[in-house]
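User: I should like to learn how helix packing, chain contacts and buried helix faces are read from a model.

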Amino acid sequence: MNARHMLLAAALLLAACEQPAEPPQGFAGLGEQAAGFAPVERGRPLQFPADHGAHPGFRIEWWYVTANLRDVEGRDWGVQWTLFRSALRAGPDAPDWSSPDLWMGHAALTGPFGHQSGETLARGGIGQAGVEAQPFRAWIDDWALRSTGGKGIQHLQMQAAGKDFRYRLQLDSDGPLVLHGERGYSEKSGRGQASWYYSQPFYRVAGEIEHAGQRHAVSGLAWLDREWSSQPLAADQQGWDWFSLHLDGGAKLMLFRVRQADGQHYQAGTWIAADGRSVALRGAQIRLDELAWTRQANGRRVPTRWRVRVAEHGLDVQAAAIEPHAWMATRYSYWEGPVRLIGSPGGRGYLEMTGY
Amino acid sequence: MDMLRLGLLALLGHWRRHRLQLFAILTGLWLATTLWTGVQALNGQARADYARAQALLAGSAQAQLAPRRGERFDQAIYLQLRRAGWPVSPLLEGRLYFAGAEPLSVRLLGIEPLTLPAGSALAGQPVAAFDLRAFLGPPGQAWIAPDTLQRLGLRAGEAALTRDGQRLPPLQVHAQLAPGVIVLDIGYAQTLLQAPGQLSRLLLPADFAARAPALPAGLAPLLQLQPPSAGDDLQRLTDSFHLNLTALGWLAFVVGLFIAHAAIGLALEQRRGLLRTLRACGVSLRGLMVALTVELGLFALIGGLAGVVCGYLLASLLLADVAASLRGLYGAEVSGQLSLAPSGWLLGLAIGLGGALIAGAGSLWRAARLPLLALAQPQAWRLAQSRWLRRQGLLAAALLLLAALCWRFGASLFAALAMLAALLLAAALMLPVLLDGALARLVGYCRGALSEWFVADSRQQLPALSLALMALLLALAASVGVGSMTEGFRRTFVGWLDQRLAADLYLMPRDTAQGLAIAASLEGRAGVEAVLPSWRVELRLQGWPVQLQGVVDQPLQRRYWPLLEQRADAWAQLAAGQGAMLSEQLARRLKVGLGDRVSLPADDGEQGLTVVGVYADYGNPRGHVLAGADWLRQHWRAARLTNIALRLVEGQVQPLSEQLEQRYGAQGLRLTEQATLKRWSTEVFERTFAATAALNALTLAVAGVALFISLLTLGHSRLGQLAPLWALGVGRVKLAWLSLGQTLLLAGLTVTLAMPLGVLLAWCLVAVVNVQAFGWRLPLHVFPGQLLQLGLLGLLTSLLAAAGPLWQLARRQPAELLRQFADER
Amino acid sequence: MLIVDNVCKSFATAQGRLAVLRGVDLQLPAGESLALMGESGSGKSTLLHLIAGLETVDSGRILVDDVPLQGRREAELARWRREGIGLVFQQYNLIGSLDVAANLAFQARLAGRHDPAWVDYLAARLELAPLLARYPEQLSGGQQQRVAIGRALAPRPPLLLADEPTGNLDEAGGERVLDLLLELVGEAGSSLLMVTHSARLAARLARTLYLRQGRVQAVEA
């Protein structure tokens, strides 16, 4: 997934050099050199619960939750909760205001009314935002994702609020963590760009969302992504399309495609069986085709209906946006929203598209 | 079109023969526009800078949360609010001192760019477009306006050193930044201001604040929500200063118009024949009026352009003084560099055009009603004059009534200035009436034929000279009034300062703890006669910023705190925590007097005290309350020990201050010797009135020019009146002397009348205008020496003005006088 | 006794010097009257101005009781005008800022020879008594000229110079004013030199002198 989110994260750090929609150096500067930051190197085993926490030596990092929900009337809702950390410079962490970390939270609610997003920013070092591994707690202002018991991130409470919405959800999982790529080492190009990447895709969700003063009890499925890196994109990579899908029957699927300037896209994914066993998918095993486009608030056209094929696992479905205008009107804008799978098997999931 | 062109050519031909008149008209318009534009440019620059200061954090109709007590609060409160979902942004403010011969200081503003309300702009730059990496650093950036950079003698990119040796992030110039401010990240600000973990204010997006959210429990006693408008104190505080300048600008404008009016009127009189001829030749009335108007427009354009240019020059000459005044009086930062706004040019031209129209309207009206056939009617000057005098007198009476009404019922600065304007105008209109009356009486005392003629002829000259005399009257009276006020204020102020600054050394500790430590170490020490600590709390009373100061009861304190009025046991009551003393301006604003109760918002609710004394607090735009130190500390936990006054044994100042500097200097203690403090205060004062005095002198000069030009233009028509006398055997030189005598007689009477008017004006200024503008009333001082000096100056001005034309008269060839007879043949 | 001896006077003009008087002689014994006639530009007024000391001669002499006018300083000339002569102009030239009474007495007081009774008498004779408090602008032309005559005669000047005193008046009015003038000149004991266009008026004086192109053409007794 993820590359997705990186963009945003990185966006933060570059806020400085605000760039046109198609930056020469990859979306939001994710292709920039990462001198001085910790490199992502194959072979290091991930360690939990420590790796649930922040990784100060790395340049960017995120905690990313998407949830596909339904209310008692059977209407579909989507919820996003994201916390990005991005370091302005390499080097040791510093106390108080001189901390190099910037934090950015994004939250969104998609539903019958449409789509709404919220954003909040904070400096590191003063306690306004941060992540602690044990017990797990990630927060920025009044938004939080925190453990309510159990091991690691098994049971989480998730809350956030935007201009006209708020939500408070309980996430519970008994499935295992899923490590993408090579035991968490996830390549993002054929030239060595990579990130550490794992997920917890097995959350069951229950809770309450509130929109425009109306409260709705909801339940459904959620997927948490964790990723950190120092330079996840190659210089000529412009953006990505990313899917996290809950298939009817309990299997899960993560797919992403990093678009390159030369038209050669880098694809990869992970097939996750209902029992939690996973296999990495190579680019050649995946076919993604855009079927329909929707013009967004920024005037760009974005594919909102896709044909998704993974022949080896007998998957050939369409993924259609529930709300084609799920545009994130944040400082660095992108598309992120729930999709419905049409075909067999059916299912639900989330789609993120950047760099359009 | 041809008609217009020919008409215009014929009309303009007049000026080739009467260059002096042309000069007079242009000079009048030029001077009027110059002074007006100059003042406008000064005010405009200042206002633009206030706006810059206010727009420092634009979108800054922002509301804010300010501490209820003290000036700073803990950063934890910020985090608490953020976690409660409040979109607040932290801000730390303070003053940063730089080393230099004169202590240089700037306002340091530490901001947090990530949380600034969406849509904010800093120095014109949207927050979203910040180069965050550069701004946050390290090394970070210190934003500064070019004028501040220049004032501090620093260069862009330099990492400046503060007086206590701390290094700023590299300076980065931002043209749109307010003057006198350095903006940087809050982290650097906390370090530089030695306020780790401390904040001054929290900014809130206006839309959030508009919902009037309730503060989380526990914070309500600590913070208060201030609506967006609370930030414009500066504008309000300085308004009166600018209004005063504006009034002066208008005065000069009116005087300048007098000149133009006189010259235009004379030109019309001389062109009566020409106008008739033109119309007899078939130029339509309409065409003639258009031509005259176009001619007037040309004058306005030339005079206006020159005026705007010179106005800006004048303003740039005075700006440094005005800026210094504003900084000294109000702490308002105004750039020392004038920026030219295109709207300013247009406005200046428009005012020049408007002035020309006003000055020429009467003449145009008369030209429109000029009969086609000249009737050989003798000019009924006496009848016309008495009608004119009656009209002037009635108008003056009406204006006097208006002035009286303003005085009796007005309660604003505007009313006070309206009263002043009405009074001055009434006096000006009354002048010819009074002069005529005086001359009429004088005739009774005349014995000789010549002296009788002398007086009678002076009366006849009145209408022609009256405008110039009025200008002289106004300028002189203004000089006397403003001079008396300034000089009176100076004496009062210096005397007050002498008393107020009776201690030898003043210490400003970094914080209360340091202050207490220093005070304790000095108490009872050899060479130290008295240690007077004072405690401070900032409040708002009826929306006005007020400083509450707590002092200890010591004989020295009593001595150096002069009171305007007091109850018998004032100081004892103060020490006992039962009484408070108020600054004069605060007492006026709150409308309280001795014996009344004032209520102050303390930690433990409103605390009432009896007013036992009122003192002068000149130059302080904020309110000031004096209370007992113990009482103050009891009710305001956050009260800070802000300064310690020391009375020392002779010769101890130098050694002790060196000792203290060495011991505490690096820890933020600041010391000021009495002499230095007094010098600064006096300098501020001097500069405050430097601009006023300059404008005043210019106005007097304009009046002199008005008189000169009136006399010059009158010179020609005077010949007709003087020629018969010459024919009857009065020599030319004698005639010239007589004429000079006449001018001096009229000017002398005017000067004589200007003196009491000036004193009246001074009274209005100190007792009415100052009270409304600044909140303090000054004793009325009259300085006979100053009056005499100004009177002589007035006479000298008239003498110089009269000398030129009379010199010409005395040198006139008899042939020219003869022509008076021959012409009539 | 006024003696004008071979007086020449020229003026600078754009076309060069213009000779106005080219050697004029005349004598006017004390108490006598003389009319000065001639076409426009013949030099009558210039001659009058020279005698009044308003201008100075180029050559020749003007003697008053054997004392020449030329060579006198400005102050002495002013004194001559004040005390030696009375002047009546065609345009009256009254002093606008003074009332009739003050105008009448003006020159006499200037000359230090104010005789209130004489002035009162003059006012009465000139029918100005009811008008004494008025100002010149409130008078008719004839009234103004009578004031001018009164003013000129009030100091009893040895010589009265009149430049077309009735030029602005109608014929009847002119006659009347002249009658008064002659009568009062007689009573004051002054000589009279009067410039006029009118032969009929000139005939009322003792002698008439004709000027033509700056020279004396004829003298008639």
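Analyst: The following turns take these features one at a time. This is a predicted model, in which local features need pLDDT of at least 70, side-chain atom pairs count only at pLDDT 80 or more, and totals for chains, interfaces and linings use all residues. Residues are numbered from 1 along each chain as its sequence is written, with chains lettered from A and ligands numbered from 1 in the order in which they are written.

User: At what angle do the axes of α14 of chain B and α3 of chain C cross?

Analyst: Two packed helices are described by the angle between their axes and the distance between the axes. Here the axes of α14(B) (residues 449-500) and α3(C) (residues 100-110) cross at roughly 135° and come within 8 Å. That makes α14(B) oblique to α3(C). Axes are lines fitted to C-alpha atoms, for helices over the stretch in contact, and angles run from 0 to 180 degrees between N-to-C directions; under 35 degrees counts as roughly parallel, over 145 as roughly antiparallel, 65 to 115 as roughly perpendicular and the rest as oblique. Helices (H or I, at least four residues) and strands (E, at least two) are DSSP runs, numbered from the N terminus.

User: Which residues of α14(B) meet α3(C)?

Analyst: Contact requires C-beta atoms, placed from the backbone, within 7 Å. A449(B), L450(B) and E452(B) meet A102(C), A105(C), F106(C), R109(C) and L110(C).

User: How many residues of chain A are in contact with chain B?

Analyst: On chain A, 19 residues contact 21 residues of chain B. Strand β4 of chain A (residues 114-123) gives the most to that side of chain A, with three residues.

User: Which residue follows α3(B)?

Analyst: G85(B) follows α3(B), and its phi is positive, near 90°.

Definitions and conventions. Contact = placed C-beta atoms within 7 Å.
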